[in-house]
Amino acid sequence: MTKPTPAASYRWCTFEQLTPCELYEILRARQEVFTVEQNCVYQDLDGKDQYSWHLSGWDSESEAPALLAYLRLVPPGRKYAEPSIGRVLTRKSVRGTGVGRELMRQGVENTLLQFPASAIRISAQLYLKRFYEEFGFVQTSAQYDEDGIPHIEMLRQP
């Protein structure tokens, strides 16, 4: 049974436009999901956040800032030749509600507004291949290990 979709408001901004509270919640969620949940020790703060665009989905019914979902867009030339969506996450409490799909839909849309007619590259965890295919991404590499987790590169043509 699908959970009801929570009311969320999305914010697309540069690193400089993030408030200290937003940045704190984003970094906390990234650590919670990518380090603790996935039991993966890796360097999350990689020097790319300052150059990236950030899309965050917030619980619009919560009094305190409650991050539901997040992704970042690394501009062309910083990671890949193409713009790259990464650090895609949804909080455990909202998985299966459609929040992740709305996040990716808006992420692709905003990427194309920033970089019109550009392909978008991602490094995807292998188990999420079908999810990303829903947004037009196609596998472009063999499976590889990144921090102990199977990954593949995927590309979405404009």
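Which helix does E25 lie in? E25 sits in helix α1, residues 20-37. I'll come back to that residue in a moment.

A word on the model. This is a predicted model. Mean pLDDT for the protein is 93. Of its residues, 97% reach 70 or more. Confidence is lowest in strand β7, residues 144-146, where the mean is 93. Strand β6, residues 138-139, has the highest, at 98.

Back to E25. Is E25 buried or exposed? Its relative accessibility is 11%, and the cut-off for buried is under 20%, so E25 counts as buried. What does E25 touch? Leave out residues up to four places away in sequence, and E25 touches W58, P65 and L67.

Now the strands. Start with β2, residues 53-59. Strand β2 is mostly covered, with 5 of its 7 residues buried. On one side of the pairing list is strand β1, residues 8-14. Strands β1 and β2 pair antiparallel, over 7 bridges. To find your place there, look at Y10, which stands opposite G57 in β2.

Next, β3, residues 67-74. Strands β2 and β3 also run antiparallel, joined by 6 bridges. Here S56 stands opposite Y70 in β3.

Then β4. How many bridges pair β3 with β4? There are 5, again in the antiparallel sense. L73 has I85 in β4 as its bridge partner. And β4 is mostly covered: 6 of its 7 residues are buried.

So much for the pairings. On to the pocket.

The largest pocket has a volume of about 870 Å³. It is lined by 40 residues. Which of them are closest to its centre? F34, V88, Q125, L128 and Y132. Put those five on your screen if you want to find the place.

Several elements give two or more residues to that lining. They are α1, β3, β4 at 84-90, α2 at 99-114, β5, α3 at 129-133 and β8 at 149-156. Which element gives the most? That is β4, with 7 residues. Recall that β4 is mostly covered.

What about the chemistry of the lining? By class, it has 18 nonpolar residues, 12 polar and 10 charged.

Two of the elements on that list deserve a closer look. First, β5.

A124 is in strand β5, residues 120-125. Why does A124 count as buried? Its relative accessible area is 1%, and buried means under 20%, so A124 falls on the buried side. Now follow the chain. H151 is 27 residues away from A124 along the sequence. In space, their C-alpha atoms are separated by 5.3 Å. The two residues are also in contact. Setting aside neighbours within four places in sequence, A124 contacts Y132, P150, H151, I152 and M154. One of those, Y132, is among the residues closest to the centre of the largest pocket.

Second, α2.

G100 is in helix α2. G100 is buried too, with a relative accessible area of 16%. Which residues does G100 contact, beyond neighbours within four places in sequence? Its contacts are T90 and F131. One distance for orientation: G100 and E153 are 53 residues apart in sequence. C-alpha to C-alpha, G100 and E153 are 19 Å apart in space.

Last topic: backbone angles. Most residues other than glycine have a negative phi. Two residues here go the other way.

Take N39. Phi of N39 is near 45 degrees, a positive value, and N39 is not a glycine. Where is N39? In the loop between α1 and β2. N39 has a relative accessible area of 69%, and exposed means over 50%, so N39 is exposed.

Then A117. Phi of A117 is about 60 degrees, also positive, and again this is not a glycine. A117 is placed in the loop between α2 and β5. Buried or exposed? A117 counts as exposed, because its relative accessibility is 70% and the cut-off is over 50%.

To recap. Strand β2 pairs antiparallel with β1, and β2 with β3 as well. Strand β3 goes on to pair with β4. Strand β4 gives the most to the lining of the largest pocket. E25 and A124 are buried, whereas N39 and A117 are exposed.

Definitions and conventions
Residues are numbered from 1 along each chain as its sequence is written. This is a predicted model: local features need pLDDT of at least 70, side-chain atom pairs count only at pLDDT 80 or more; totals for chains, interfaces and linings use all residues. Side-chain values use heavy atoms; hydrogens and water are left out. Helices (H or I, at least four residues) and strands (E, at least two) are DSSP runs, numbered from the N terminus. Buried means under 20% relative accessible area, exposed over 50%, partly exposed in between (1.4 Å probe, protein chains only). Contact means heavy atoms within 4.5 Å. pLDDT is the predictor's confidence in each residue, from 0 to 100. Two strands pair if DSSP finds at least two bridges between them. On a 1 Å grid over the protein atoms alone, a cavity is a set of points where a 1.4 Å probe fits but cannot get out, and a pocket is an open set with protein on both sides within 12 Å along at least five of seven lines; lining residues have an atom within 4 Å of a point. Grid points are joined across faces, edges and corners, and a volume is the space filled by probe spheres set on the points. Ala, Val, Leu, Ile, Met, Phe, Trp, Tyr, Cys and Pro count as nonpolar, Asp, Glu, Lys and Arg as charged, and the others, Gly among them, as polar.
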